[in-house]
Amino acid sequence: MIELRNVFHSYDGRPVLNGISLSLAERRIAVLGCNGSGKSTFARLLNGLILPTEGEVLVDGHDTRRDARAARQRVGFVFQNPDVQIVYPTVAEDIAFGLKARKLPKEEIARRVEAVLDRYGLGRYRDHPAHKLSGGEKQLLAIAGVLVLEPHHLVFDEPTTLLDLRNRRKVIEMIRGLSQTVIVVTHDLDMVREFDRVLVLEDGRVVADDLPAVAVPAYVRRLS
Ligand SMILES: Nc1ncnc2c1ncn2[C@@H]1O[C@H](COP(=O)(O)OP(=O)(O)OP(=O)(O)O)[C@@H](O)[C@H]1O
């Protein structure tokens with residue numbers, strides 16, 4: 001479970017999140033909101049990429065400030081743009097990167113990389129230059145590179161925004177098949193219809209927190 005306790009965040013003294021308290025335990029949680037409402041800031045607080053200006057974020061009881069490493073290892077983060085996440089020349093090397101950083105034995109790294117390549121249909125790209133993949137394939141690679149680390153929770157920041165229809169479907173399928181808790185920031189209202197919970201942010205506050213059937217229409221009404 002990820003818990004936010006009276007969380008505030010400001011950039012250079014300008015408040016962006018204003019006193020959010022939530023327990024996130026459902027398997028599929030979406031975060032909706034207009035541009036600038038604070039969604040990315042919210043998402044980044046969940047794995048300690050950003051620390052709250054005030055308040056606390058706890059990941060399975062680990063405080064992202066005091067126990068940053070343990071908190072971070074539990075929450076995988078997938079950025080909107082996979083280019084910021086892909087750092088190594090080939091697909092297999094890129095997936096292995098996070099495991100090497102954790103100093104796991106070579107055999108275990110090889111085993112886990114192969115398992116993820118197979119599972120997500122990336123096997124044929126094993127030795128392929130990562131920068132030559134299509135946008136959708138890059139997004140799948142970025143997700144695979146996070147999943148290989150076996151996080152308990154996954155945060156996606158607008159995972160389908162840059163994708164065409166076919167790749168959008170692939171990524172949605174991939175997310176659907178995950179066993180972890182998944183928190184997705186998105187503008188994709190279709191994707192969230194099957195989720196367990198939808199949060200709507202406005203000016204850094206949660207203005208709706210409900211099942212999709214209730215929260216999505218509430219969000220659409222607020223837009224009009
Ligand atoms: N690093 C930063 N420094 C200063 N201001 C920032 C920074 N990151 C975000 N902001 C500002 O904080 C506010 C909230 O930004 P945030 O990216 O969290 O919103 P968002 O809901 O994800 O928006 P979008 O849908 O456009 O991605 C915006 O006004 C933004 O300009």
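How many bridges join strand 1 to strand 2, and which way do the two strands run? Eight bridges join them, and the strands run antiparallel. The model is predicted. Its secondary structure comes to seven helices and ten strands. Two open sheets are described below, one with four strands and one with six.

**Overall dimensions**
- The protein has 224 residues and a radius of gyration of 18 Å, which agrees with the value near 17 Å for a compact globule of that length.
- Along the principal axes, the C-alpha atoms fill a box of roughly 45 × 40 × 30 Å.
- Buried residues make up 40% of the 224.
- Take the contacts between residues at least 6 apart in sequence: 66% of these join residues at least 24 apart.

**Four-stranded sheet**
- The strand order is 2-1-4-5, and the sheet is open.
- Pairing here is antiparallel.
- Strand 2 (14-24) and strand 5 (62-63) are the edge strands, so called because each pairs on one side only.
- Strand 1 covers residues 2-11.
- Isoleucine 2 stands opposite leucine 24, a residue of strand 2.

**Six-stranded sheet**
- This open sheet runs in the order 6-7-8-3-9-10.
- Its pairing is mixed.
- The edges are strand 6 (75-78) and strand 10 (205-210), and each of them pairs on one side only.
- From one strand to the next, the twist averages 20°.
- Strand 7 (residues 153-157) and strand 8 (residues 181-185) run parallel, joined by five bridges.
- Within this pair, leucine 154 stands opposite valine 182 of strand 8.
- Helix 7 (residues 212-223) packs on the sheet.
- Helix 7 touches strand 3 (28-33), strand 9 (197-202) and strand 10.
- The direction of helix 7 makes about 20° with that of strand 9.

**Annotated span**
- UniProt, in an unreviewed entry, lists residues 2-223 under "domain: ABC transporter".
- In the model, the span 2-223 is 34% helix and 27% strand.
- The end C-alpha atoms of residues 2-223 lie 28 Å apart.

**Check on the pairings**
- Which residue stands opposite isoleucine 2? Leucine 24 in strand 2 does.
- Which strands does helix 7 touch as it packs on the sheet? They are strand 3, strand 9 and strand 10.

Note on methods:
Residues are numbered from 1 along each chain as its sequence is written. This is a predicted model: local features need pLDDT of at least 70, side-chain atom pairs count only at pLDDT 80 or more; totals for chains, interfaces and linings use all residues. Axes are lines fitted to C-alpha atoms, for helices over the stretch in contact, and angles run from 0 to 180 degrees between N-to-C directions. Two residues are in contact if their C-beta atoms, placed from the backbone, lie within 7 Å. The radius of gyration is taken over C-alpha atoms; the globule rule is 2.2 Å times the number of residues to the power 0.38. A residue is buried if 20 or more other C-beta atoms lie within 10 Å of its own, exposed if 12 or fewer, and partly exposed in between; C-beta atoms are placed from the backbone. UniProt positions are given in the numbering used here, feature names are shortened, and annotations may be inferred rather than shown by experiment.
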